[in-house]
2 protein chains.
Amino acid sequence: MTSDPSSPAQPLIVLVRPQMGENIGAAARAMLNFGLTGMRIVAPRDGWPNPKATAMAAGAGSVLDSARVFDTVAEATADCSYVVATTARQRGLFLPVHDAEESAQLIRQKQAGGERCAILFGGEKSGLATDDVAHANQILTLPVNPEFSSLNLAQAVLLTAYAWRRAEDASLPFESPYENVPAPREELDGMLSHLNGVLDDAGYFYPEDKRKTLERNVRTLFTHAGFTEAEIRLFRGMIRQLGYWGRREDSTSE
Amino acid sequence: MTSDPSSPAQPLIVLVRPQMGENIGAAARAMLNFGLTGMRIVAPRDGWPNPKATAMAAGAGSVLDSARVFDTVAEATADCSYVVATTARQRGLFLPVHDAEESAQLIRQKQAGGERCAILFGGEKSGLATDDVAHANQILTLPVNPEFSSLNLAQAVLLTAYAWRRAEDASLPFESPYENVPAPREELDGMLSHLNGVLDDAGYFYPEDKRKTLERNVRTLFTHAGFTEAEIRLFRGMIRQLGYWGRREDSTSE
């Protein structure tokens, strides 16, 4: 991942007339969580720099430090050739509408061709103006609950950055140490023999004419559990100890 | 989508020892944005109810109103059979690790079989304790920037709810009114004839021996543009008006 905010390998995040510094800072944090570093800001209500943004950005202050401020959407996107407008409302504009994942794929394609891409986010009060959206090549909208569709600015940035990151590289920070594969049957059978021996000593298979049924039920139970080899080793440790304990010379009883 | 918070058709969101009411409220908002309504809270630091949570939840107060509070993770998940722990760190536990999308698919499968599912989120300071994670059937982790991986509580809830929603129903709140299909060639050719006629009158094809080349370039230009039928109509309106204007009896000139 590049960290050059002017690199066309990343979409620029353009906040259009944002109001609260806290939300600008939270947006910077959300960007950096998924590796985006290029922020542009159009006409921030409370001027720039904004100490409340810096306080909220926590470890993402570098994104704010390199943010560039413009007066208009036209100026903020002057060097871009593919512009995406995020909005929760249809605008009557003849623009294609895509979700965040499709948009991320399109942005990747444009970037691969050397295009600089920008994603516009409107301010807290009413989002992007339709005149802002008219600067875009496409609309990005999210599959929100139609009965409660208002997303916080930083949350809209977060979901967009997340989709972009996943389109580039969906690898997780760590993987399971665990091959979740049931052990081969010989391991299971070894465990069942061991278990059945201990259960037998404990008087579990009683009366004798139930033995076959009980053994079958025990087998089915552990087949269903699907223990891995490591789990079988762990479980055999329990059986072993129970066996030692049950078979002990009971020297402490009166 | 059901709105019954106890329905197994939705995973429960379980906040474990959350600290700031603001984050509980923001988490409620994030849940409702993607249609989740069942919240459980384990040992909230500042007690419950929490006016700061209510203030931050905005329109999602109903999620907080129906939230249930418990002392321990065991009690909060007592009626659940599939429990997911969200964490950014490997814990040395033999648990499968999945991303949000895979987890959402697994949860859907469990729910389809009638299982109640819960997703655990740790508090702001250090996330889930390893003892909390040991209650889970699987770990959920997100493909965050490894150099800046700390996600706000509400943002982790948002991404998880988003993935769940997309696994259930990825439909967007609106679609493009626009069939983005280039017009058939006869429409393009009609437009080019019209345009060429006006350009000819305007003296564009000059000198005559350049006419063929210029006509070809004009054709290539508009083929590349890929206008739809609606766009061709719009453009022909412009040509028509330019034609009227250029061909007018110039009665106002001296």
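Which residue forms a salt bridge with B:Arg40, and how far apart are the closest N and O atoms? In this predicted model, the partner is B:Asp79, with the closest N and O atoms 2.8 Å apart. B:Arg40 sits in strand S2 (residues 39–42) of chain B, while B:Asp79 is found in the loop between helix H4 (73–76) and strand S4 (82–86) of that chain, so the salt bridge ties together parts that are 39 residues apart in sequence. That pair belongs to a longer list: searching the whole structure turns up 26 salt bridges over all chains.

Next comes the way the two chains go together. Chain A lands on chain B after a rotation of 179° with 0.0 Å of shift along the axis, and the superposition has an RMSD of 0.2 Å. This is the relation of a two-fold axis. Both copies use the same surface, as 100% of the contact residues of chain A recur in chain B.

As for the interface itself, 54 residues of chain A touch 54 residues of chain B. Between them the chains bury about 4,400 Å², and carbon and sulfur atoms account for 64% of that area. Three residues stand out here: A:Pro143, A:Phe148 and A:Phe174 supply 17% of the area that chain A buries against chain B, more than any other three residues.

There is polar chemistry across the interface too. Four salt bridges run between chain A and chain B. A:Asp99 pairs with B:Arg166 in a salt bridge, and here the closest N and O atoms are 3.5 Å apart. Polar contacts link 19 residue pairs across the interface, counting pairs with both residues at pLDDT 80 or more. On the chain A side, the elements that give two or more residues are helix H1 (21–33), strand S5 (97–98), helix H5 (100–112) and helix H7 (153–168). Of these, H7(A) gives the most, with seven residues. By residue class, the side of chain A that touches chain B divides into 31 nonpolar, 15 polar and eight charged residues.

Aromatic rings round off the picture. Over all chains, the structure holds eleven aromatic pairs. One involves A:Tyr162 and B:Tyr162, whose ring centres are 6.4 Å apart; their planes are at 75°, so the pair counts as edge-to-face. A:Tyr162 is part of helix H7 of chain A and B:Tyr162 is part of helix H7 (residues 153–168) of chain B, so this pair joins two chains.

Technical notes
Residues numbered from 1 in each chain as written. Chains lettered and ligands numbered in written order. Predicted model: local features only at pLDDT ≥ 70, side-chain atom pairs only at ≥ 80, totals over all residues. Heavy atoms only, no water. Least-squares fit on C-alpha atoms with pLDDT ≥ 70 in both. Contact = heavy atoms within 4.5 Å. Buried area = accessible area lost by both parts, 1.4 Å probe. Salt bridge = Lys/Arg side-chain N within 4 Å of Asp/Glu carboxyl O. Polar contact = N/O pair within 3.5 Å; in protein donor to acceptor, adjacent residues only side chain to side chain. Helix = DSSP H or I, 4+ residues; strand = E, 2+ residues; numbered from the N terminus. Nonpolar A, V, L, I, M, F, W, Y, C, P; charged D, E, K, R; others polar. Phe/Tyr/Trp six-rings, centres within 6.5 Å; stacked < 30°, edge-to-face > 60°.
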